[in-house]
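Biologist: I am new to this structure and would love a close look at a single part of it. Could you pick one stretch, walk me through it, and then show me how the rest connects?

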Amino acid sequence: MESTLSPMFLLAIALAPLLGSIVVGLFGTGFFGRQVTRTGGHGLTIALVAFSTIASLYVLYQVVVNDAYFNETIYTWALIGTVPIEIGFLVDSLTATMMVVVTSVSLMVHIYTIGYMSDDPGYNRFFSYISLFTFSMLMLVMANNMLLLFFGWEAVGLVSYLLIGFWYERPTAIFANMKAFLVNRVGDFGFLLGIGLLFAYSGSLNYEQVFASSSLLSFTYLPGTDWTIVTVAAICLFIGAMGKSAQVPLHAWLPDSMEGPTPISALIHAATMVTAGIFMVARFSPVFELSNTALSLVIIVGAIGALFLGILGLIQNDIKRVVAYSTLSQLGYMTVALGASAYSAAVFHLMTHAFFKALLFLGAGSVIIGMHHNQDIRYMGAIRKYMPITWITFLIGTLSLVGTPFFSGYYSKEHIIEAAHAANVWGASFAYYCVLIGVFVTSLYSFRLYFVVFHGKERFDQVPADDPHRLAEGEKPKESSWVVTLPLILLAIPSVLVGAWAIEPMLFGDFFNNVIYVDGALHPAMATIASTFHGWYAYGLHAVQTVPFWLVVAGFVVALYLYVISPTTPAKIYNAFSGVNRILENKYYVDWVYENVFARGARVIGKGFWKGGDRGVIDGFIIGGSTKLIAGIAAISRKLQSGYVYHYAASMLVGVIVLISFFVLVR
């Protein structure tokens, strides 16, 4: 591969959204005036993100057709001894794929925002934030060294904090963004330790040098332990991925982040930011491949999330939270693929998931608009009659999510299940059954949401009279404007087609050659899958002979019966399993542990440090004690300064006697 891409062109792709964010943020929000109008704000940011999208598609075309490649330093910022601190880009097939996913979904969200946020006073501020987020994600995926990766990693966390708390007058939004910030700091601490270990033992921050020395680090042990540097570094890096990609137990921030506006739910918590951890592990595949211990941890954590977090979606009544728990489950599927060394399958599902999950979030937002911003699905029903475009596109997203044959999600999810079955790491059998059962759970909560919202009886009139989100008397939902429905239509297309189009080159071709590294002898999952693949069409037809397909059908049938044919049955089941429901409603008590053990414990420790350390030791002993000592010395000194000559004469006489005695004793 040759460096055939221009560094200035790549810089323009990354910096275009930043330019839009700065101009609209400074001159459209009142910071330096309001020279940029609302129309000018969305027009400028959309135009610049559209440029990045088209340019990213061109980069992907060059990578696929002309084998283009780029790995160069753009700017040397500083030197630490002889180690350069650089800003540099690495553009290969993995980067190009992520660039297209990030920019294309971001463009759809920008257009969608015109309709969704039309009445919001923070209109230009929101466009500034989402453009800044796009820039941050591009820097993360385009980096060729760990320092720039960390910059992008922290930047997306910062913008996520701003966007989750966008409606900062709401206490729930402030709680949610602070929760996301603190939980991600836990993961980021591990991530920074992993980067530090690799830097300390390889002597470089650049991916190429780090990966070249990783095999040597597999024989280097952490001092005082029998753990290799590669294993410890890989586990630390994965802890970072657990925070950013919301893996158990660092997942609790993502459902609460639904307090932000719906467009950012699609942009950050479905398609881009939460997949940063998946991308990072795939990028560091040369490191993870050298540690079966780390891969076992990855596959087990992913399996727990894929099944048990998906179950929580069954009891949610907020339309966005159902989709949010679906995201947690699908991120678990991607993580299982990483642990099975099926990195390409994880990235493939990342790409298909980005499109159909963004579609579902934006479709949910369209429903919310039609329901006067009511998000409770218990007050919906039969909406398909009033919102036909939203209905059909939401159905397409649902079919792709559950893994319907020939839809994009089917090709990516099915291969993850097969990879878990063929994996050669400890915990693979557990992961296989978790992702297999998860297929039924996904189908059940997905079709539950679909049937309750779009079918059955209309329940608009059941909204309490004092609820500000109640429709007016006799009012019905109506289809959203074209700026909302156009992104839905455009996202529905790849939700159907991109899986069949991309499966062969991404999973069984040379698309990721020399980019993702797999030790085929130790981790044969992808090779096993490849031996039975005979093209996208045959693979789709083969679905009816597989267990996952019938689990999808079972989930559909159960949801149809419970929520359309016999809608009174779910309440009876709920009452029969009240104990289980209590556990699920409390989200396995993870939030309770965070708030009552860690948060309260931190407050107790902090209070102890304040009283014992700050007030007792520092104020009382160090500062207060020195003050008292000086005051005592001063009091004694005052008595010696009496002003009488005979006192001074006596002092001189005593001093002379002491000196003479000293010299006599010394001699």
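Modeller: His372 is found in the loop between α15 and α16, the latter covering residues 388-402. Please keep in mind as we go that this is a predicted model. What makes His372 worth a pause is its backbone: phi is positive, about 60°, although the residue is not a glycine. Most residues other than glycine have a negative phi. As for its surroundings, His372 counts as partly exposed because its relative accessibility is 37%.

Let us stay with residue numbers just a little further along. The side chains of Arg378 and Asp376 meet in a salt bridge, with 2.7 Å from N to O. Are these two partners buried or exposed? Arg378 counts as partly exposed, since its relative accessibility is 46%. Asp376, on the other hand, has a relative accessible area of 17%, so it is buried.

Now step back to α15, the helix on one side of the loop that holds His372. The largest nonpolar core of the model has 210 residues, and Phe284 and Phe288 are those with the most contacts inside it. Helix α15, residues 343-370, supplies the largest share of this core, 18 residues. In soluble globular proteins, nonpolar side chains tend to be buried together. To get a feeling for the core, try selecting Phe284: beyond its neighbours within four places in sequence, it is in contact with Met146, Leu149, Leu198, Tyr207, Phe211 and Leu237.

A second residue shares the backbone feature of our starting point. Lys587 also has a positive phi, near 55°, and is likewise not a glycine. You will find Lys587 in the loop between α24 (578-585) and α25 (590-640). It also belongs to a network of salt bridges that links Lys179, Asp256, Arg321, Lys587 and Asp591.

One pair in that list deserves a closer look. Asp256 and Lys179 join their side chains in a salt bridge of 2.7 Å, N to O. This pair links distant parts of the chain: Asp256 belongs to helix α9 (residues 253-256) and Lys179 to helix α6 (residues 171-202), and they are 77 residues apart. Both Asp256 and Lys179 are buried.

Helix α6 offers a contrasting pair. The side chains of Asp188 and Arg185 meet in a salt bridge at 2.3 Å, N to O. Asp188 and Arg185 are separated by about one helical turn, because they are three residues apart in helix α6. Asp188 counts as buried because its relative accessibility is 5%, while Arg185, at 25%, counts as partly exposed. Altogether, the count of salt bridges comes to eleven.

Another backbone detail lies on the way into α9. Pro249 has its place in the loop between α8 (229-244) and α9. The peptide bond that runs from Val248 to Pro249 is cis, with omega near 0°. Most peptide bonds are trans.

Finally, a word on the cysteines. How many disulfides are there? The count comes to zero. Two cysteines you can look up are Cys236 and Cys434: Cys236 is buried, since its relative accessible area is 11%, and Cys434 also counts as buried because its relative accessibility is 4%.

Note on methods
Residues are numbered from 1 along each chain as its sequence is written. This is a predicted model: local features need pLDDT of at least 70, side-chain atom pairs count only at pLDDT 80 or more; totals for chains, interfaces and linings use all residues. Side-chain values use heavy atoms; hydrogens and water are left out. A nonpolar core is a set of buried Ala, Val, Leu, Ile, Met, Phe, Trp, Tyr and Cys residues joined through side-chain atoms within 4.5 Å. Buried means under 20% relative accessible area, exposed over 50%, partly exposed in between (1.4 Å probe, protein chains only). Helices (H or I, at least four residues) and strands (E, at least two) are DSSP runs, numbered from the N terminus. Contact means heavy atoms within 4.5 Å. A disulfide is a pair of cysteine sulfur atoms within 2.5 Å. A salt bridge is a side-chain nitrogen of Lys or Arg within 4 Å of a carboxyl oxygen of Asp or Glu.
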